[in-house]
Amino acid sequence: MRYLHTMLRVRDLDAALDFYCNKLGLKESFRREDPNGRYTLVFLMAPGDQTVIEQSRRMGRPGPLIELTHNWDTEDYGEARHFGHLAFEVDNIYDTCERLMKAGVTINRPPRDGQMAFVRAPDRQSVELLQKGNALAPKEPWASMPNSGHW
């Protein structure tokens, strides 16, 4: 058994791609549109996973990926809290959170400890960011920034 992908339903594919690709930094691996089923699937990868995905594809199905599922007909997915969250390791959690905040992304749980933060995707899924290696020393404005919403 091996991990392949996590599927997230998204209401607005353009907004989701803007968040996951332009702001978070993931890359589109491939997509599939099904006019009969009235949906689009877009598979995303972390930039550092390119080699792993190529190796995985040679074994059969590619992974590890995130599958964004956009049903063309409207549907209310609610808060999406039943999903849990995605997690990504980042080189510098403070720089990443600052870049995301400047891009208009909500920081639900700031990286007060220099190790962990949660941000919110457009469809209200939580994305956990974890500092690569040891935690960074606490620093402002993060150390005293309050939580915003929930994750």
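Here is a conversation about how some labels used for this predicted model are earned.

User: Why is T74 called exposed?

Analyst: Exposed means over 50% relative accessible area. T74 has a relative accessibility of 82%, so it counts as exposed. You will find T74 in the loop between β4 (65–71) and β5 (85–90). As for distance, T74 and I53 are 21 residues apart in sequence, and their C-alpha atoms are 32 Å apart in space.

User: What makes strand β3 count as largely enclosed?

Analyst: Buried means under 20% relative accessible area. In β3, residues 39–45, 7 of the 7 residues are buried, so the strand is largely enclosed by the rest of the structure. Side chains in a regular strand alternate between the two faces of the sheet. Look at β3 with that in mind: Y39, L41, F43 and M45 point one way, while T40, V42 and L44 point the other way, and all are buried.

User: Which face of strand β1 is covered, and which is uncovered?

Analyst: In β1, residues 5–9, the covered face holds T6 and L8. The uncovered face holds H5, M7 and R9.

User: How do you know that β2 and β3 are paired?

Analyst: Two strands pair if there are at least two bridges between them. β2 (residues 27–34) and β3 have 7 bridges, in the antiparallel sense. To see one on the structure, start at E28, whose bridge partner in β3 is L44. β2 and β3 also form a hairpin, with 4 residues between them.

User: What makes β4 a partner of both β3 and β1?

Analyst: Again, at least two bridges are needed. β3 and β4 are joined by 6 bridges and run antiparallel. L44 stands opposite I66 in β4. β1 and β4 have 5 bridges, this time in the parallel sense. There, H5 stands opposite L65 in β4. Both pairs meet the cut-off.

User: Why are β5 and β6 called edge strands?

Analyst: Begin with the sheet they belong to. It is an open sheet of 4 strands in the order β5-β8-β7-β6, with mixed pairing. β5 and β6 (107–109) each pair on one side only, and that makes them the edge strands. From one strand to the next, the twist averages 35°.

User: How do you know that β5 pairs with β8?

Analyst: The cut-off is at least two bridges, and 6 bridges join β5 to β8 (residues 126–131), the two strands running parallel. One of the matches is H85, whose bridge partner in β8 is S126. Helix α3 (residues 93–102) packs on this sheet and touches β5, β6, β7 (116–120) and β8. The direction of α3 makes about 145° with that of β8.

User: What lines the largest pocket?

Analyst: The largest pocket has a volume of about 350 Å³. There are 16 lining residues, and the closest to the pocket's centre are L24, P47, F88, E89 and V90. The elements giving two or more residues to the lining are β5 and α3. β5 gives the most, with 3 residues. By type, the lining divides into 7 nonpolar, 4 polar and 5 charged residues.

User: What makes R38 and R124 worth a second look?

Analyst: Most residues other than glycine have a negative phi. R38 has a phi near 60°, a positive value in a residue other than glycine. R124 has a phi near 70°, positive as well. R38 is in the loop between β2 and β3, and R124 is in the loop between β7 and β8.

User: Why are R38 and R124 called partly exposed?

Analyst: Partly exposed covers the range between the buried limit of 20% and the exposed limit of 50%. R38 has 37% relative accessibility, so it counts as partly exposed. R124, with a relative accessible area of 28%, is therefore partly exposed too.

User: Where are the cis peptide bonds before P64 and P141?

Analyst: Most peptide bonds are trans. The bond from G63 to P64 is cis, with omega near 0°. P64 lies in the loop between α2 (50–59) and β4. The bond from E140 to P141 is also cis, with omega near 10°. P141 lies in the segment after β8.

How values were computed. Residues numbered from 1 in each chain as written. Predicted model: local features only at pLDDT ≥ 70, side-chain atom pairs only at ≥ 80, totals over all residues. Heavy atoms only, no water. Buried < 20%, exposed > 50% of the residue type's maximum accessible area, 1.4 Å probe, protein only. Axes fitted to C-alpha atoms, helices over the stretch in contact; angles between N-to-C directions. Contact = heavy atoms within 4.5 Å. 1 Å grid on protein atoms, 1.4 Å probe; cavity = no way out; pocket = protein on both sides within 12 Å on 5 of 7 lines; lining within 4 Å. Points joined across faces, edges and corners; volume = space filled by probe spheres on them. Nonpolar A, V, L, I, M, F, W, Y, C, P; charged D, E, K, R; others polar.
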